[in-house]
Amino acid sequence: MEQFVNTLFNGISLSSIILLTSIGLAITFGLMRVINMAHGEFIMIGAYMTYVVQEIFYRFVPSGFQDIYYFIAIPVAFLVTFMLGSLMEKFVISRLYGREIDSLLATWGISLILQQTARSIFGTQGVNVNAPSFLKGGITIGGCTFSYNRLFIILMVALCLFCVWFIMYKSNFGKQMRAVMQNRTMAQCMGINSRRVDNITFSIGSGLAGIAGCSIALLGSIDSTVGQSYIVNSFMAVVLGGVGKLLGTVIGSVIIGSASIFTENYTSSTIAKAIVLLIVIIFLQKRPQGLFVIKSRNLDE
């Protein structure tokens with residue numbers, strides 16, 4: 001029983017991390033139909049920003065206040081990746097809407113540039129982020145241990161998910177965003193500035209990837225390829241749940257994260273990845289549009 005609870009907690013923890021990396025993709029890929037292969041590099045940038053903020057605090061801030069660096073690193077990572085996403089959308093992505101293969105190749109090239117830039121700045125060896133003292137250790141109940149850093153990540157994911165839901169479904173900008181993504185021509189006729197909506201939407205998705213990098217920085221070493229470890233599962237979660245559906249992304253992340261952990265307990269990590277991929281392929285053969293489908297009144301459909 002204790003082993004099952006520990007495995008379940010690890011599955012929820014992995015699912016939350018996949019969900020956090022997938023929320024940004026649910027916006028850029030799900031709503032905008034942009035295949036952003038550089039999404040993993042925005043995760044990497046968020047992780048490195050956490051490391052940079054940590055080093056600044058260790059050098060210039062008294063020791064009694066150094067633990068708060070992580071709460072500063074989260075908005076810093078979001079703002080840096082938000083601005084980079086805005087620049088990328090303005091100068092590259094905006095010229096490639098409707099050309100998915102071209103956007104894939106262009107963003108793949110950008111991802112290589114960002115990886116090499118990270119190697120040039122931080123070196124090829126990984127760097128480490130020290131978790132604040134209040135996130136070290138964990139809660140032990142019986143034979144089960146729930147680490148504070150993973151509990152914190154789960155809470156942060158829940159907060160980010162709520163913020164995205166509020167923006168998409170309760171704010172005026174969210175209405176404009178969904179209108180542009182469903183019927184761009186009609187939205188423009190209603191006076192919506194589609195270029196502004198596109199830029200902010202892509203930037204938000206990139207910023208969320210930066211926050212995901214902050215969470216991943218707590219779990220292990222950071223290098224130029226850290227984002228690539230999560231990008232495949234993130235794409236699978238978005239496609240499995242139904243492209244453009246936030247609830248689908250949540251369920252898809254839970255399925256992939258839980259299946260990965262439980263199958264890895266009885267096999268190896270490589271075989272577990274293969275089994276999860278096989279499950280996704282079989283499911284999409286039966287239901288190619290994913291768990292949820294966006295209903296639209298677009299006359300072109």
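**Entry 1: the cavity**

I start with a term: a cavity is a set of grid points where a 1.4 Å probe fits but cannot get out, and its lining residues have an atom within 4 Å of a point. I also note for myself that this is a predicted model.

How many cavities of 30 Å³ or more does a search of the whole structure find? I get 1. For the largest cavity I wrote down a volume of about 30 Å³.

Next I looked up who lines the largest cavity. My list reads Ile-27, Val-164, Ile-167, Met-168, Phe-173, Met-177 and Ile-204. Which helix gives the largest share of that lining? The largest share is from α5, with 3 residues. Both α5 (148–170) and α6 (172–182) supply at least two residues each. I then sorted the lining by character: 7 residues are nonpolar, with no polar and no charged ones.

**Entry 2: the hairpin**

I moved on to the strands. β1 covers residues 138–141 and β2 covers residues 144–147. They run antiparallel, and I find 4 bridges joining them. Which residue in β2 is the bridge partner of Thr-140? I followed the pairing across and landed on Thr-145.

The hairpin of β1 and β2 has 2 residues between the strands. I checked the backbone there and found that Gly-142 takes a positive phi near 65°.

**Entry 3: the cysteines**

I went looking for disulfides over the whole structure and came back with 0. Cys-163 is in no disulfide, and I put its nearest cysteine sulfur, that of Cys-160, 6.4 Å away. A disulfide needs sulfur atoms within 2.5 Å, so this pair does not count as one.

Is Cys-163 buried, exposed or partly exposed? I have Cys-163 down as partly exposed, because its relative accessible area is 37%, which falls between the 20% and 50% cut-offs. I checked Cys-144 as well. Cys-144 is buried, with a relative accessible area of 6%.

**Entry 4: a loop residue**

Last, I picked Gln-66. Where does Gln-66 sit? I found Gln-66 in the loop between α2 (39–60) and α3 (69–91). I call Gln-66 buried because its relative accessible area is 17%, and buried means under 20%.

What does Gln-66 touch, leaving out residues up to four places away in sequence? I noted Phe-57, Tyr-58 and Val-61.

Key. Residues numbered from 1 in each chain as written. Predicted model: local features only at pLDDT ≥ 70, side-chain atom pairs only at ≥ 80, totals over all residues. Heavy atoms only, no water. Pairing = 2+ DSSP bridges. Buried < 20%, exposed > 50% of the residue type's maximum accessible area, 1.4 Å probe, protein only. Contact = heavy atoms within 4.5 Å. 1 Å grid on protein atoms, 1.4 Å probe; cavity = no way out; pocket = protein on both sides within 12 Å on 5 of 7 lines; lining within 4 Å. Points joined across faces, edges and corners; volume = space filled by probe spheres on them. Nonpolar A, V, L, I, M, F, W, Y, C, P; charged D, E, K, R; others polar.
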